[in-house]
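Dear colleague,

I am passing on a structure that is new to you, and I would be glad if you could look through it alongside the notes below.

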Amino acid sequence: MDQQRLQALLLELDRELKATRSLDAQSQELLQQVLADLPAAPAGSTSHRSAESRLRELMLRFEAEHPQLSGAVGQVADALGKL
C-alpha cells in the first residue's frame, strides 16, 4: 500500500464524514484528531500504529449507526497497517 492509495482513502473518508449528518460531536472530534495526526506519523512508527489502532476502535464504534463511515474508517486503518 503506498501513500497515494492512503491519500485516496482519506479523501473518500472525508466525503463520508461530510455526508454523515448524525455523527455525535465526540465521535467526530476523535476521528478528526486521528486524521490530523496521520501526516506527521512516519510509516511504522509508534504514532502510526497508534493512529491505526484508534481508527479500528472508531470503526467498531460506528459499525451499527454509521456502516458506510465504518467501512471507510476500516479501509484507512487497513491501509495504515500495510504501510
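What follows goes through two helices, two helix pairs and a few single residues.

Please keep in mind that this is a predicted model, in which local features need pLDDT of at least 70 and side-chain atom pairs count only at pLDDT 80 or more, while totals for chains, interfaces and linings use all residues. Residues are numbered from 1 along each chain as its sequence is written, and side-chain values use heavy atoms, with hydrogens and water left out.

I begin with helix α3, which covers residues 46-62; helices here are DSSP runs (H or I, at least four residues), as strands are (E, at least two), and they are numbered from the N terminus. The expected span of a helix is 1.5 Å times one less than its number of residues, so the 17 residues of α3 should span 24 Å, and this agrees with its end C-alpha atoms, which are 24 Å apart. Its buried residues are His48, Ala51, Glu52, Leu55, Leu58 and Phe62, where buried means under 20% relative accessible area, exposed over 50% and partly exposed in between, with a 1.4 Å probe and protein chains only. These buried residues lie on the same side of α3, because they cover an arc of only 125 degrees around the axis, the arc being that of the directions from the helix axis to the C-beta atoms. The face turned away from that buried side carries the exposed residues Thr46, Glu57 and Leu60. The buried residues of α3 pack against α2 (25-37) and α4 (67-82), and contact means heavy atoms within 4.5 Å.

The pairing of α2 with α3 can be described further. Their packing angle is about 155 degrees, and their axes are 10 Å apart; axes are lines fitted to C-alpha atoms, for helices over the stretch in contact, and angles run from 0 to 180 degrees between N-to-C directions. α2 and α3 are therefore roughly antiparallel to each other, since angles under 35 degrees count as roughly parallel, over 145 as roughly antiparallel, 65 to 115 as roughly perpendicular and the rest as oblique. On the α2 side, the residues that meet α3 include Ser27, Leu30 and Leu31, and among their counterparts in α3 are Leu55, Leu58 and Phe62. Ser27, which has its place in helix α2, is buried, with a relative accessible area of 1%. Leaving aside its neighbours within four places in sequence, Ser27 is in contact with Arg61 and Phe62.

The second pair is α1 and α4, which pack at an angle of about 160 degrees with their axes 9 Å apart. α1 and α4 are therefore roughly antiparallel to each other as well. Among the residues making the contact are Leu6, Leu9 and Leu13 of α1 and Leu69, Val73 and Val76 of α4.

As for α4 itself, its 16 residues should span 22 Å, and its end C-alpha atoms are 23 Å apart, which agrees. The buried residues of α4 include Ser70, Gly74 and Ala77, and what covers its buried residues includes α1, α2 and α3.

Gln68, also found in helix α4, counts as exposed because its relative accessibility is 61%. Gln68 and Leu17 are 51 residues apart in sequence and 9.5 Å apart in space, C-alpha to C-alpha. Ala19, in helix α1 (residues 3-19), counts as exposed at 54% relative accessibility. From C-alpha to C-alpha, Ala19 and Gln68 are 9.9 Å apart in space, with their positions 49 residues apart in sequence.

With best regards
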